[in-house]
Amino acid sequence: MHKHAVWILTISLVLALFLCLGLPRDVLAADPRPTIGGRLLDSHGEPVYHAQVSVWDGNDLIGEAESNADGSFLVILERVPQRELRVHIRRPHFHDWEWIGDSHALRQLQGSGGESGYLFIPDVQMQRRVTIGFWVAVSTFVGLLILIALEKLHNTLSALLGMAVIFLVSYIGAPINSDFFILDFERALQYINFEVFFLVLGMMIVISVVEGTGIFQWLSYWAYRIAQGRVWLLSIVLMSLTGLASALLDNVTTMLLMTPISLQIALALQLNPLALLIPEVLASNVGGIATMVGTPTNILIGSYANLSFSDFLRNLTPGVLLSHVVLIAYVQIVFRKEYRSVGTALSATLEEKLAENARITRPVELRKAGVVFIGMLVLFVLGERIHLGPAVTALIGAILLLVWIRPNVDEILVSVDWTTLLFFIGLFVCVGALEEVGFIGQIATALGNLVGEHLTFTVVLLTYAAALLSMVVANIPFTAAMLPVVAYLTRHLPGAENYMLFYALSIGAAMGGNGSLIGASANLVTAGIAERAGYPISYKDFMRYGLPSMILTVTVGMLWLLFHF
Amino acid sequence: MEVFDEKNRTEAHPIGDRGVVCATRGGQGSEPTVAAAIATARERGEPLTFLYIADLEFMRHALMGARTDLAAEEMRKMGEFIMLTLVEQAQKQGVEADFAVRKGRFRDELIAYLQEMRPSVLVLGRPKPETAYLDPDTLARLIEEIQTQTGVSVISA
């Protein structure tokens, strides 16, 4: 064993030395051939990448390259052009660009004093073109939002259908008319954010262990015992517990665990369960954004903008806590009548049943999951110092937990919500198509023109617009589509380089879910369970309590951002 | 939808050609149904079983991370608690009562349960527009189907 380790270490060292010493020499070796370099930008000054740059000598192709992520390109030529230097740049969804070099350019390529020639073409501005593919990509995304909103098709199927339409049009339509082209498979893969994928996967594995332990039910039961009939106190504890759980787990799982036990507690107190359930789900949607891993929207935002777990803790969590306090005060006011009247004590049988339903079911797994979860939180916070991203931390945590508790791996893999992961893949491709055809750039420009250089106005507009739209539109696709727009505004708006617009998007997109029953999956799941217990939550009832709370909490969160930054 | 497995299925004792079954979800909207079921059981001198069916159809709304088996387990516990409150209510009125909890599509599970237990009467709720799980037309069709497939008399209260 020890001998093997020495061998592995030696081979690794040799490989590392080879890579360190050998590769740079090859890569950096000066090429004696003439080269042409430059940079491609769109009309907003954004880099144009993956454009095909070809250099011709009359009718002979003498060099070809693709532009990089920063828009730069470098074409190494086979020879110095003898007849005519022609540079042709082509990229789908842009007008072709062509340039013919003069004698001065040719002289530069010939070089002097034994050095190879180099020609630099100043920033090339590529003009966008609205194609049929543009309209197909936009219609597909709008269709996706409608399908999700009307629940005509499962969310994942809707996203995958969108992806299929984009590929179908690109591959079948483009040979007929090149304007049908949207993006190809290789390009689509580049739009899939694998950091999001693995972070969600890792968290799902950990949550699948934690959720079955009964810890939240047990805590809720003890809140009930400690409150001793003081419902106002019970609601504060349950809301805070829900908010905390949502900050660490996803909101749907949290409400799936909290709703049944809260409903039983409410019945035990002869209280209308909605007086506990509505505050809890409101607290879940607010608390969920306290950390980077609490909601899919925060995971998307953090991964896209390269924000760390600590960034969220520093810049968003205090605002969320303030919103939570305001929400508690609001709930105490609107439910004051319900909280004043509580019923008689439970029979011994029902008390026993309630305690039984709220017991910790897997204490050993809970202890181990607790240790790993705390370790993960520490790594989430400290990991950025050693460039350890949240996705890697989540994966390490998930794997260590599985190795430690040795569950049935098949069961754990079944418990991972693959449909959600597939949803993300389909969604990333659909949003990538919007970006590819230039739709997102147009939205960004329009928004940029609207807000001018007013950062405060932008924060207010973005937060409320995101909140209002999230009431009716699924907030995950909406957030995914808004990320490049917010990135554009962050780059161009003076003072926005601190990423506060990303936090504004987070607040609006997640807290906006409180504005209507269909605003968040957690609302619908809570309503579903309550309905199955004979306490339906109507759209009107939810909005009566949810909409004012949404306005309050979004405003407080937004004010925090304006104060903090 | 699957039925509860042995672990998370709660069954009352088989009734066999006698007994009253009340399929309910509890809640204020079901109070008249429960009262009617207790009254029927008392009149007939037969045991009463409250049946709760955890229909997890709402889980299709759950996009992220939600597990149907977890939901089923939590719904079972909740269903048992709610049914136990009804059992206590019936027992206080001198009626022998028990409960059963199942998971699955309401219609399928209800018919399957009646075929297995063969009670004499089923008491179902009469829907009110604001709280109804089933609309009146669906309920009428369901009652007809139950009577055809199981031979059990249905009281809609």
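Helices here are DSSP runs of H or I at least four residues long, strands are E runs of at least two, and both are numbered from the N terminus. Keep that in mind as you click around, and remember that this is a predicted model.

**Stop 1: all of chain A**

Select chain A and colour it by secondary structure: you should find 25 helices and seven strands. Its C-alpha atoms fill a box of roughly 100 × 65 × 45 Å along the principal axes. Of the 565 residues in chain A, 55% are buried. Now switch on the surface. Chain A exposes about 24,700 Å², and carbon and sulfur atoms supply 66% of that. Fancy colouring by charge? Chain A carries 31 positive and 40 negative side chains, with the centres of the two sets 9 Å apart.

**Stop 2: the sheet in chain A**

Next, pick out strands 4, 1 and 7 of chain A. They make an open sheet in the order 4-1-7, and the pairing is mixed. Strand 4 and strand 7 (118–125) of chain A sit at the edges with a single partner strand each, so one side of each has no neighbour in the sheet. From one strand to the next, the twist averages 15°.

Add helix 2 of chain A, residues 103–110: this helix packs on the sheet and touches strand 1 and strand 7 of chain A, running at about 130° to the direction of strand 7.

**Stop 3: along strand 4 of chain A**

Zoom in on residues 72–76 of chain A and show the side chains. Which of them are buried? Phe73(A) and Val75(A) are, and they point to one face; Ser72(A), Leu74(A) and Ile76(A) point to the other face and are not buried.

Now bring in strand 1 of chain A, residues 35–41, which pairs with strand 4 in the antiparallel sense over five bridges. Two pairs to look for: Thr35(A) is opposite Ile76(A), and Gly38(A) is opposite Phe73(A).

**Stop 4: over to chain B**

Hide chain A and select the strands of chain B's open sheet. Five of them line up in the order 3-2-1-4-5, with parallel pairing. Strand 3 (97–103) and strand 5 (153–156) of chain B are the edge strands, each pairing on one side only. Neighbouring strands in this sheet are turned by 25° against each other on average, ignoring direction.

Finally, select helix 2 of chain B, residues 68–92. This helix packs on the sheet, touching strand 2 and strand 3 of chain B, and its direction makes about 160° with that of strand 3. To finish, find strand 1 (residues 20–23) and strand 2 (residues 48–54) of chain B, which pair in the parallel sense over four bridges. The bridge partner of Val20(B) in strand 2 is Leu48(B).

Definitions and conventions
Residues numbered from 1 in each chain as written. Chains lettered and ligands numbered in written order. Predicted model: local features only at pLDDT ≥ 70, side-chain atom pairs only at ≥ 80, totals over all residues. Heavy atoms only, no water. Pairing = 2+ DSSP bridges. Axes fitted to C-alpha atoms, helices over the stretch in contact; angles between N-to-C directions. Contact = heavy atoms within 4.5 Å. Buried < 20%, exposed > 50% of the residue type's maximum accessible area, 1.4 Å probe, protein only. Areas by Shrake-Rupley, 256 points an atom, 1.4 Å probe, with all protein chains shown as cover. Lys, Arg positive; Asp, Glu negative; His and termini not counted. Charge placed at Lys NZ, Arg CZ, Asp CG, Glu CD.
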